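The report that follows looks at selected loops and helices of one chain, with attention to backbone geometry and packing. Please read it alongside the sequence and the coordinates.

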Amino acid sequence: MNTVSSTDEGTYEMSGQHRIAVVTGAGSGIGRAVAAELGRAGWSVALAGRRTGPLEETAALLPDGSSLAVRADVSEPEDVKALFTAVRDRFGRLDLLFNNAGTFGPGGVPVEDLPYDAWRHVVDTNLNGAFLCAQAAYRQMKEQDPRGGRIINNGSISAHAPRPHSVAYTATKHALTGLTKSLSLDGRAYGIAVGQIDIGNAATDMTARMGTGALQASGEVVPEPVMDVADVARTVRHMAELPLEANVQFATVLATAMPYIGRG
């Protein structure tokens, strides 16, 4: 069931200074950091996620009156439809979708033991959810006046190279790259720019295990360096604030010394 809460009860009035963003997975981690960064830069931000409490905590980090919290499961078509309807009704247009919602799924499970339900959950969230949100954003950006906007998909280092026992997550992140390329091509005619940010070891609750040890391809469990999630947020903001005539097609932001370049 989709619910909406707002930090401002007034009617939103468009001006040339206002830009409107939707951030999915906004209740924690990268989504929260990006939403807060955009809010500080003067954006109005619709915060989407499955739990109302964390969304309200994120909203408290943004300036008063600049956010709209919408409880929505991106894997559910009706929730996505309600989310973008709420954004249109409140703000009147959409300039940015940060397609961030995602899940690792069960960690450390070999492919032969991965339950099909777990596979489906990861695919439904990471890939189908990204498609549904991009489709809804695309429709709104194509129809609004002035036309156009930007979609930034949150990929991963796993869009390039897998970790052990990550078949569902890795498969969806590779697929997300294809989604990004196809949307980018199809969006040209309508002023819709689409790019992807691939992130490695940003310090969030989801990556807390990196500090104590992560399974390597060699079978060893080794602690890995992480980076401040604020560095990711600033990169997304840079991508978002480019004129629509320019696009960062793919950006990779990672902890400098994490195992990736040179296989170690």
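Pro-146 is placed in the loop between helix 4 and strand 6 (149–154), and in this predicted model the peptide bond that leads from Asp-145 to Pro-146 is cis, with omega near 5°. Most residues other than glycine have a negative phi, and most peptide bonds are trans. Against that background, two residues other than glycine also deserve a look for their phi values: His-165, near 60° and positive, and Asn-201, near 65° and positive.

His-165 lies in the loop between strand 6 and helix 5, whereas Asn-201 is found in the loop between strand 7 and strand 8 (214–215). Asn-201 is buried, because its relative accessible area of 6% falls under the 20% cut-off. His-165, with a relative accessibility of 37%, counts as partly exposed. A positive phi is also taken by Gly-42, at about 100°, just after helix 1.

The table collects the relative accessible area of four loop residues.

| Residue | Relative accessible area | Class |
|---|---|---|
| Asn-201 | 6% | buried |
| Gly-191 | 29% | partly exposed |
| Gln-249 | 29% | partly exposed |
| His-165 | 37% | partly exposed |

Two of these loop residues also have partners that are distant in sequence. Gly-191 is found in the loop between helix 5 (167–187) and strand 7 (192–200); Gly-191 and Arg-147 are separated by 44 residues in sequence, yet their C-alpha atoms are 6.7 Å apart in space. When residues up to four places away in sequence are not counted, Gly-191 touches Gly-148, Gly-149 and Leu-244. Gln-249 has its place in the loop between helix 6 (229–240) and strand 10 (250–254), and its C-alpha lies 6.1 Å from that of Gln-196, although 53 residues separate Gln-249 and Gln-196 in sequence. With residues up to four places away in sequence again not counted, the contacts of Gln-249 are Thr-180, Ser-184, Val-194, Gly-195 and Gln-196.

Turning to the helices, how far apart are the end C-alpha atoms of helix 4, and what span should its 28 residues have at 1.5 Å a residue? The expected span is 40 Å and the end C-alpha atoms are 38 Å apart, so the two values agree. Helix 4 nevertheless bends by about 35° at Asp-124.

Two packed helices are described by the angle between their axes and the distance between the axes. For helix 3 (residues 77–91) and helix 4 (residues 116–143), the angle is about 35° and the axes are 10 Å apart, and helix 3 passes helix 4 in a right-handed crossing. On the side of helix 3 the contact is formed by Pro-77, Val-80, Phe-84 and Arg-88, which meet Leu-132, Cys-133, Ala-136, Ala-137 and Gln-140 in helix 4. By class, this contact of helix 3 with helix 4 comprises seven nonpolar residues, one polar and one charged. An α-helix has 3.6 residues a turn, so residues three or four places apart point the same way.

Helix 1 (residues 29–40) has 12 residues and reaches 17 Å from its first C-alpha to its last, which is close to the 16 Å expected at 1.5 Å a residue. Nine of the 12 residues of helix 1 are buried, so helix 1 is largely enclosed by the rest of the structure. Its buried residues include Ile-30, Val-34, Glu-37 and Leu-38.

Notes
Residues are numbered from 1 along each chain as its sequence is written. This is a predicted model: local features need pLDDT of at least 70, side-chain atom pairs count only at pLDDT 80 or more; totals for chains, interfaces and linings use all residues. Side-chain values use heavy atoms; hydrogens and water are left out. Helices (H or I, at least four residues) and strands (E, at least two) are DSSP runs, numbered from the N terminus. Buried means under 20% relative accessible area, exposed over 50%, partly exposed in between (1.4 Å probe, protein chains only). Contact means heavy atoms within 4.5 Å. Axes are lines fitted to C-alpha atoms, for helices over the stretch in contact, and angles run from 0 to 180 degrees between N-to-C directions. A crossing is left-handed if the near helix is turned anticlockwise from the far one by less than a right angle, and right-handed if clockwise. Ala, Val, Leu, Ile, Met, Phe, Trp, Tyr, Cys and Pro count as nonpolar, Asp, Glu, Lys and Arg as charged, and the others, Gly among them, as polar. The expected span of a helix is 1.5 Å times one less than its number of residues. The bend at a residue is the angle between axes fitted to the seven residues ending there and the seven starting there.
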